[in-house]
2 protein chains.
Amino acid sequence: MPEDPGRREAWTRAATDYVLREGLIGLSLRPLAASLGTSDRMLLYHFGTKDDLVAAILREANDRSVAYVTDLPASADLRAAVHDLWSAWGSPPLEPCTRTYIEAAALGLLGREPYATVVREANDRWTACLVTHLTRSGVDRPLAQRAVTIVDAAFLGFQLDAPLDPPALSRQAVADLADAVAALDGAARARPRR
Amino acid sequence: MPEDPGRREAWTRAATDYVLREGLIGLSLRPLAASLGTSDRMLLYHFGTKDDLVAAILREANDRSVAYVTDLPASADLRAAVHDLWSAWGSPPLEPCTRTYIEAAALGLLGREPYATVVREANDRWTACLVTHLTRSGVDRPLAQRAVTIVDAAFLGFQLDAPLDPPALSRQAVADLADAVAALDGAARARPRR
DNA sequence: CACCAACTGTAGCACTTGCTACACTCCCGC
DNA sequence: GCGGGAGTGTAGCAAGTGCTACAGTTGGTG
């Protein structure tokens, strides 16, 4: 077992880049190792197992997503936040991360490990950070939580079908989603206990 | 090449059952063939290629989903339709189909064939059939199309995170989604050209 | 009967997978 | 110098992948 974690961390970052580029689902050790300038033998020596490597990669991708959204400037209000979050979602630093999250979640759909566990952790941190963005944008916390549940799900669905659709369609869809979620605010005020 | 399409169709149905049960992502010919009482040799003889088999399976799953929703009784209104569609979505006949759709879409995210193409076709038929359900429920067509874009995406997202969350959370989320989408109606009336 | 095409079982190919046994080099403490 | 553990290259294993070559075995047609 290795002593120095430096190499391991550097490889984790590089391996994450590779997965964000090439996809998670067909991932295999030898091509990944080649792109890092090493051998599968080395990866297994330093990470122990392919599953451990994958878990590290997914955590790294999750870290990057969370860091990116955390550094986002606050939006004007809930409606604007939906638009801002969507344009962040499709931006080059974030899009591969969410795509990889989808791949991991799909792999974990039937309970396969390590995907199911890591995806659960990632999702918790991710939604918490989206909620924080909404509260920073002036949305009060209970509404923010409910809005994030819907917006996050809808964005994942948009992305799943995004390769299929013209961008105009998703632009309209995001506008509708922003309107719809903003309406939750009024509804909450009108009948606070539902 | 085969002559009698009967065996092929029967195998397509049985193979679809297998994939709905075992998942699409790790699918391999030998275990599938064994569960059908044949050999990989036979599957390849009758389907030509694994990709062709997969395409047939995905079309069959899509057919089943569409048939199920088509046979659904009309809902009272848009809000009720969201609830009805969600309980259909989670029902035993439909849930494995949508799960498999997610797996196929994840596999197609990077443009891999045959997934990307088949998923596109499936998605077109699927959304069309959801729109039809909404119009049968008294929603006028333009609104129905926009609502389906959001509801379908959100449901996919809910399902991706469903293994992680307590059911109470998604129940609240679906109620919110129904409210939010129903609000689109009022917004559309208030300012018809957006 | 012979013939031909559809069909199927056996065996195997070439390749990839995660992982490991073994030998070797290095560097640090004695 | 020397022992020992961390680290690394080479080679390989057992299993599994999609797919195929080959040798049949049917069943219907001339």
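Here is a walk through this predicted model, from one chain to the way two chains meet. Local features need pLDDT of at least 70 and side-chain atom pairs count only at pLDDT 80 or more, while totals for chains, interfaces and linings use all residues. Residues are numbered from 1 along each chain as its sequence is written, and chains are lettered from A and ligands numbered from 1 in the order in which they are written.

Start with chain A. Its secondary structure comes to 9 helices and 0 strands, where helices (H or I, at least four residues) and strands (E, at least two) are DSSP runs numbered from the N terminus. The C-alpha trace of chain A spans about 60 × 35 × 35 Å along its principal axes.

Of the 194 residues in chain A, 39% are buried, meaning that 20 or more other C-beta atoms, placed from the backbone, lie within 10 Å of a residue's own. Now look at contacts (C-beta atoms, placed from the backbone, within 7 Å). Among those in chain A with a separation of 6 or more, 66% join residues 24 or more positions apart.

Next, bring in chain B. A turn of 180° and a shift of 0.0 Å along the axis lay chain B on chain A with an RMSD of 0.0 Å, superposed by least squares on the C-alpha atoms of residues with pLDDT of at least 70 in both. That's the relation of a two-fold axis.

So where do they touch? The contact takes 40 residues from chain B and 40 residues from chain A. On chain B, α6 (95-108), α7 (115-136), α8 (141-161) and α9 (167-190) each supply at least two residues of the side that touches chain A. The copies meet through the same surface, because 100% of the interface residues of chain B are also interface residues in chain A.

Methods:
Contact = placed C-beta atoms within 7 Å. Buried ≥ 20, exposed ≤ 12 C-beta atoms within 10 Å, placed from the backbone.
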